[in-house]
Structure formats: structure tokens, C-alpha cells
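Me: Hi! Could you walk me through this structure in simple terms?

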Amino acid sequence: MTAAATVREAARRFGDRAAFVAADGWALSYADLDRLSDEVAAGFAVDHGVGEGDVVALVLPSSPEYVVAYAATAKLGAIAAGVNPRYAPPERAALVARAAPKVVLVAPQLLDGLVGPPVVVAVEAATSADEILAGLRRPGEAPPPLDHPDDPERVVAIVFTSGTTGLPKGAVFGNRELAAVTRADLGARADEWDGGGHGLAGTELAHVGFMTKLPAMLRIGATTHLLARWRAGDVLRLIAEHRMAVVGGVAPQMALLLRHPDLDRLDVSCVRAIVMGGAASPPALVEEARRRFGAPYSIRYSSTESGGIGLGTAFDADDDEALHTIGRPRG
């Protein structure tokens, strides 16, 4: 199933269930995600001439606006290129230039260094679902139909690498690759819908951890909480309040969670699995996390180009594997 079709089917199945919760607490439902992304896609097409194969750059914080814009580009057969808002202005400008977009959506506080062409649209932060990308939407309208809506080779996303050896490269993902990531992530559940539960977006939405995994998140009907900035205390509170079963992120975040005094004050017995990548997980960190959360710990090692599907330690691994390796090939 294509990314665009997944958005529509998730709305049909889950309707008013919250798909994403903004950092300040308001929710975007599955039905709203489908409706608003239709209206934004129509606005992109009619007012900005965006069509199949065109790139839309998203220079936005982790917010419902980002998710709606990403879904809208997929419905047009266009390509979303996420740019990490944590980069410095020259870095953001360089990545936008590399993506060669037709339109750039950018938060006002991130405008520094971004000038047209292409068209640069400043996006104000919404305080409710109905405010999302209001200036771009054509209410009640749908995007123009695609000639081949089920094309598995259609490119959906450009995800930039970390750039450790130079300017970040843009890894390209189409419907086929996103479907493969979904199957690798969900395993035996890949052909099922629902599962629900609450989770956190532990990285910026421009990261591979979100860009390639959105279809899987929608398929299980999850409610994903977004963070304006990752803080250990806020994360622990959300885990305890919403009884989150999985703690995911990068290994230094786990070190901060273990150091925070609220870990011993809050009930995190809901956690059933820990998944950490992005940096080395020393044996002492893995051992302490398993003991204090009472949950198995999977170390993940991968690359942006792989869609985040590389190596991983098994949840039921013995200590030799769990503490001293980066696991086995996944997928």
C-alpha cells in the first residue's frame, strides 16, 4: 500500500482517534490528518503548481503541520524533503538548495538565510487542528488524481543523512522502500491494522526515525506525542501518564532518563521494550536501563540510506549479544 493510501485507510479505520498530539497538548485526529492533507495538497497544486515529482522542503519543528504537509505531498505524487530545524541557518539553506524544491515551508523563527526562488512560505504554529496550514489549504477540495496512484516506484521522501563526513546527502525513498521499512518494523503485524497505544517522537521529524516510519505508525493506529524539545523529565512524565509500552530514541537520551530523579518517582512499569540507536550503548547503560525499567533493551545500528533498518539485538538475546554486540541483520 502506498503512503498516500495508508493515510486514507487509517482515517477510515481510526477516524476521531488522536494520531498526533502537539507539544502544547491539542490533538490531530486520523480523520483530520486525511482531510487537511487533502486540502493542503489541493492548495499546493492550484496555487503553487506543485505536481508529481516536485519537491516540497519542510523546514519545520516537530509539529502537526509537518505531518500534514508530508501527507499532502504524498497525495500529489510530490516529494517531501525534511530539513532538521536544529541546524544552523547556513546548513539549513545548503540543504534546501540541495533538495531543489518548488516550495519551502518554514517556521518564522527559521527563516534566516532562506530566500526565493523557490517560493518560501512562512508557517505559523497552529493551536488547533483547524488552524493547521490554513493559508495553504483549499477547504473542501481534494488533490488532482494521479495517473498511476498505486505506483510502488513513486518517490515519496528525501531524508538527509547526518553529514558526518561533509554536507548531508539526500537518501531517496519511494513507496516500495517505505513498505519494506513498515514490514521490517512490524514483522508479523505488517498485514494487520490497529494495536493503538501511545508513543513519542524521540527525534526531529526530519530524521529517518520518523520519515520512513510514518506508514507503520499510521497502520497500527498509534497516538504519537510530539515534543517542542526533548527533555528527560517531560518524557518520563508522558511515559507514565499515557502508559507507553515502548521507549525509543538515541542512546544519550537513555543516559539522561536514567540520570533524572523522576525515574524513581514515577510508575514506568508500563514499559515493555526499549529501542535505542544513534550512538553506542555501553554495556553498563544497557544493564542499568533493563534493571530500572524492567524491560528488554534492543540496540539498533543502521544508516539513513537503509531507512533505519540495519542491525539490532533481539529482545530475548542472551547477555553476550545484548550487552556486547549490535545484533544481527533485521528485515
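**Two helices that cross**

Reply: Sure! This is a predicted model. Let's begin with one pair: helix 1 and helix 2 are oblique to each other, because their axes cross at roughly 140 degrees and angles count as roughly antiparallel only over 145.

Me: Which residues do those two helices cover, and within what distance do their axes come?

Reply: Helix 1 takes in residues 3-14 and helix 2 residues 30-48, and their axes come within 7 Å.

Me: Is the crossing left-handed or right-handed?

Reply: Helix 1 and helix 2 make a left-handed crossing.

Me: Cool. Which residues meet there?

Reply: On the helix 1 side you'll find Val-7, Arg-8, Ala-10, Ala-11 and Phe-14. They meet Tyr-30, Ala-31, Leu-33, Asp-34, Ser-37 and Asp-38 of helix 2.

Me: And how many of those are nonpolar, polar or charged?

Reply: The contact of helix 1 with helix 2 has seven nonpolar residues, one polar and three charged.

Me: New topic, the whole chain. How many helices and strands are there?

Reply: The protein chain has 11 helices and 15 strands. Its radius of gyration is 19 Å, close to the 20 Å that the globule rule gives for 331 residues, so the chain is as compact as a globular protein of that length.

Me: What does the C-alpha trace span?

Reply: About 55 × 45 × 35 Å along the principal axes of the chain.

Me: What share of the residues is buried?

Reply: 53% of the 331 residues count as buried.

Me: Last one: what about contacts between residues far apart in sequence?

Reply: Among contacts with a separation of 6 or more, 68% come from residues 24 or more positions apart.

Terms used
Residues numbered from 1 in each chain as written. Predicted model: local features only at pLDDT ≥ 70, side-chain atom pairs only at ≥ 80, totals over all residues. Heavy atoms only, no water. Axes fitted to C-alpha atoms, helices over the stretch in contact; angles between N-to-C directions. Helix = DSSP H or I, 4+ residues; strand = E, 2+ residues; numbered from the N terminus. Parallel < 35°, antiparallel > 145°, perpendicular 65-115°, else oblique. Left-handed = near helix turned anticlockwise from the far one by under 90°. Contact = heavy atoms within 4.5 Å. Nonpolar A, V, L, I, M, F, W, Y, C, P; charged D, E, K, R; others polar. Rg over C-alpha atoms; globule rule 2.2 N^0.38 Å. Buried < 20%, exposed > 50% of the residue type's maximum accessible area, 1.4 Å probe, protein only.
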